Amino acid sequence: MLEGKVAIITGGTRGIGLETVKLFKENKAEVILFGSRKETVDKALASLKEEGIIVDGYYPNLNSVEEVNSVIDCINTKYGHIDILVNNAGISANKKIEDTTYEEFVNIIDLNVNAIFNLSKAVVPYMKKNNSGVILNTSSMVSICGQPSGVGYPASKSAVNGMTLSLARELAPFNIRVNAVAPGITNTDMVAKLPKEMMEPLIKTIPLGRIGEPRDIANAFLFLASDMASYITGVVLSVDGLARN
Ligand code: NAD
């Protein structure tokens, strides 16, 4: 579904991002993964290599304009074009407001929102030049229904929805589609820390009777990245087993 396409996936070292790397490769894209540190990128590249999957990896500071511009330029020079950007890197929060520092709140917005602006801004000139491109953002179910603590996280994901809708309008004349996927609770390190006593009642509220697997979310990214979604832009696609309330 992605033959001939060059795709950059942030937060590609584990969880949803790593699964998306694998699925995009299965579908014949050239994939470049970004991670936060050299060690985690090296580890991901090595484990992919063991499975016979060869991809490039970089670890720019996603909030540095210089570092992001430089790595995007380098990728464009190496591959000749950039077709797909998946803004997947993200951090969550679960502290009550009184226990959350201003710096912790800003930290979440920096990665979950500002980095998406920074990366999207960096790839858009290359996509405009080719009159073609796809930007996919990772939202969350909590952008719609909120959560009872960790206010920075749903706030950041609601901002992701706003950016998705606005950039979809702004970039449609250049044949650049912008969509988001809003996962429900998904089986990654991000939720592994949650205690069983918390998970079991949560699962009971999900009509499909289970939490999501990384592949469920990667499948949605694949569809939206492919030409199968050629007339879809500005959509926030919920992939949550209808876990919204
Ligand atoms: P994860 O914690 O397994 O992976 C997060 C990824 O983000 C990692 O690859 C990590 O390297 C990267 N990352 C973290 N901090 C970074 C930084 N400062 N700079 C660069 N990269 C950084 O999480 P996941 O569950 O796979 O989450 C992926 C995305 O899906 C996130 O945007 C998350 O908010 C979203 N999401 C997850 C769930 C869930 O239940 N797991 C639900 C809704 C949305």
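**Exercise 1. Which helices each supply at least two residues of the shell around the ligand?**

Before starting, note that this is a predicted model, in which local features need pLDDT of at least 70, side-chain atom pairs count only at pLDDT 80 or more, and totals for chains, interfaces and linings use all residues. Residues are numbered from 1 along each chain as its sequence is written, and side-chain values use heavy atoms, with hydrogens and water left out.

*Solution.* Step one is to find the helices (DSSP runs of H or I, at least four residues, numbered from the N terminus): they are helix 1 (15-26), helix 6 (152-171) and helix 7 (189-192). Step two is to look for the main contributor, and helix 7 gives the most, with 3 residues. Step three is to look at the residues themselves: 26 surround the ligand, and I16, N88, Y153, T186 and T188 come nearest, where a residue counts as near if one of its heavy atoms lies within 4 Å.

**Exercise 2. Find side chains that place a polar atom by an oxygen atom of the ligand.**

*Solution.* Use polar contacts, which are pairs of N or O atoms within 3.5 Å. The side chain of T188 has a polar atom 2.5 Å from a ligand oxygen, while for T13 the distance is 2.9 Å and for K157 it is 3.0 Å. The ligand taken alone exposes 830 Å², of which the protein buries 89% (Shrake-Rupley method, 1.4 Å probe).

**Exercise 3. Describe how helix 3 and helix 4 pack.**

*Solution.* Begin with the geometry: helix 3 (residues 65-79) and helix 4 (residues 102-130) pack at about 35 degrees, with axes 9 Å apart, the axes being lines fitted to C-alpha atoms over the stretch in contact and angles running from 0 to 180 degrees between N-to-C directions. Then list the residues in contact (heavy atoms within 4.5 Å): V65, V68, N69, I72, D73 and N76 in helix 3 meet N118, L119, A122, V123 and Y126 in helix 4.

Definitions and conventions
Polar contact = N/O pair within 3.5 Å; in protein donor to acceptor, adjacent residues only side chain to side chain.
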